[in-house]
Amino acid sequence: MVKIQFDRRVGTMIKKIKYAIIVMLIIANVICSSSIEAAEIFKVTNVKTREVTKTFKTIKDASLATTKLKYIVGYKISWKKQKKVEGYNVYVYYPATKNWKKIKTTKKNYFTLTNCFQGEKVKIKIRAYKKIDGNNVYGQFSKVKSIKIKKALYSRTKWGKIKKPFTDRIASENAFELQNKYRKSAGAERIEWSENVYNVCLERAKQISKNYSHDGWYETAMKVFSKKYKIDDEFIWIEEGDSEYGINYVSSENILEGAFSYKEAMKQWKRSSAHYKNLISKSHVKGAIACYRASGGYYWVALFADADIDKLLEEKCKK
């Protein structure tokens, strides 16, 4: 009787071992097949650029005869197509925040870079991806491709006017970096980029394209911050021991109209004693710059904060 029970136990154990081996083989097979599929996603190579041109009409002379002028609307970025991939992600580099930002997901092996201000260098890298077991698996990034923007890139109407207003984040961050170089030369500390302040700058840039003045700049900051953080106080209140005092969410603003590049914008602010004094102020801790191209021209806004506004807003939101 004891022998029979022992034989049954051995038989059950053998069955369990066989089952475990089968499960392990299945898992190994899945991992192996996934690894093979992932290995089929190669590094993006052979990245090329070429100008994309269009034409618009203009008056030729006093006879009112028309002629066509060619302009560069953008750059076509292309690369070697890969088989068995879902698509490609395109990234650009933001110089002030030191981040690579995904700007495009495409199934095609090309895209057109446009809506850029003059005089900037755009850095681009691309990688392929495919779905394996419901998850995106990525290949290696391409080598970084740098593109020098000699003239502003944007679509025009048939008579040469801007078709649609746009903002340029790379030009904005380039201007911010140059501003910090001015500060360093003047003996002031570097100020850090604030995404919250940048959102206010964007709103202000659109506003000054219609009403070029400082009117409402602080109210706009309050409105933007209130939308995200639900604030209702005019100031941020700071407690120190038994006392309490209020500070402004943003402390000052520089605006500019007409500068077609970030270098020109910063040069004009530097030439103005009031604007220059503002941008090199040692009280500034955080800030941002935004640029906007509209039918009326080019518009720039720089805003400054004399405290770590992002940290204070987050803390206020938690209360």
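Which residues are buried in helix α7 (residues 309-318)? They are Ile-309, Asp-310, Leu-312 and Leu-313. Seen down the axis of α7, these buried residues fall within an arc of 165°, so they line one face of the helix. Keep in mind as you look around that this is a predicted model. The points below start from this helix and move on to a covered strand, an open sheet and some charged pairs.

**Helix α7 and its link to strand β14**

- An α-helix has 3.6 residues a turn, so residues three or four places apart point the same way.
- One of the buried residues of α7, Asp-310, meets Lys-286 in a salt bridge between their side chains (2.8 Å, N to O).
- Asp-310 belongs to helix α7 and Lys-286 to strand β14, so this pair ties together parts that are 24 residues apart in sequence.
- Asp-310 has a relative accessible area of 15%, which makes it buried, and Lys-286 also counts as buried, at 13% relative accessibility.

**Strand β14, covered on both faces**

- Strand β14 spans residues 286-294, and nine of its nine residues are buried.
- On one side you will find Lys-286, Ala-288, Ala-290, Tyr-292 and Ala-294, all buried.
- The other side is covered as well, with Gly-287, Ile-289, Cys-291 and Arg-293 buried there.

**The partners of β14**

- Strand β15 (residues 297-305) runs antiparallel to β14, and nine bridges join the two.
- Together β14 and β15 make a hairpin, with two residues between the strands.
- To find your way along this hairpin, look for Ala-288, which stands opposite Leu-303 in β15.
- Strand β9 (residues 166-167) pairs with β14 in the antiparallel sense over two bridges, and here Thr-167 has Tyr-292 as its bridge partner.
- Strand β10 (residues 192-193) pairs with β14 in the parallel sense, again over two bridges.
- In that parallel pairing, Glu-192 has Lys-286 as its bridge partner; Lys-286 is the residue whose side chain meets Asp-310 in a salt bridge.

**An open sheet of three strands**

- Elsewhere, β1, β2 and β5 form an open sheet in the order β1-β2-β5, with antiparallel pairing.
- The edges are held by β1 (48-59) and β5 (110-113), each with a single partner strand, so one side of each is left without a neighbour in the sheet.
- On average, neighbouring strands of this sheet are turned by 35° against each other, direction ignored.
- Twelve bridges pair β1 with strand β2 (residues 66-78) in the antiparallel sense, and one pair of bridge partners is Val-52 and Gly-74, the latter in β2.

**Charged pairs**

- Side chains of opposite charge can pair when their charged atoms come close.
- The structure holds eight salt bridges.
- One of them joins Glu-195 to Arg-169, with the closest N and O atoms 2.9 Å apart.
- Glu-195 sits in helix α3 (residues 195-208) and Arg-169 in helix α2 (residues 169-185), so the pair ties together parts that are 26 residues apart in sequence.
- Glu-195 is partly exposed, with a relative accessible area of 37%, whereas Arg-169 is buried at 15%.
- Another salt bridge joins Glu-177 to Arg-190, where the closest N and O atoms are 2.7 Å apart.
- This pair links distant parts of the chain, with Glu-177 in helix α2 and Arg-190 in the loop between α2 and β10, 13 residues apart.
- Glu-177 counts as buried at 17% relative accessibility, while Arg-190 is partly exposed with a relative accessible area of 37%.

Note on methods. Residues numbered from 1 in each chain as written. Predicted model: local features only at pLDDT ≥ 70, side-chain atom pairs only at ≥ 80, totals over all residues. Heavy atoms only, no water. Buried < 20%, exposed > 50% of the residue type's maximum accessible area, 1.4 Å probe, protein only. Helix = DSSP H or I, 4+ residues; strand = E, 2+ residues; numbered from the N terminus. Pairing = 2+ DSSP bridges. Axes fitted to C-alpha atoms, helices over the stretch in contact; angles between N-to-C directions. Arc of directions from axis to C-beta. Salt bridge = Lys/Arg side-chain N within 4 Å of Asp/Glu carboxyl O.
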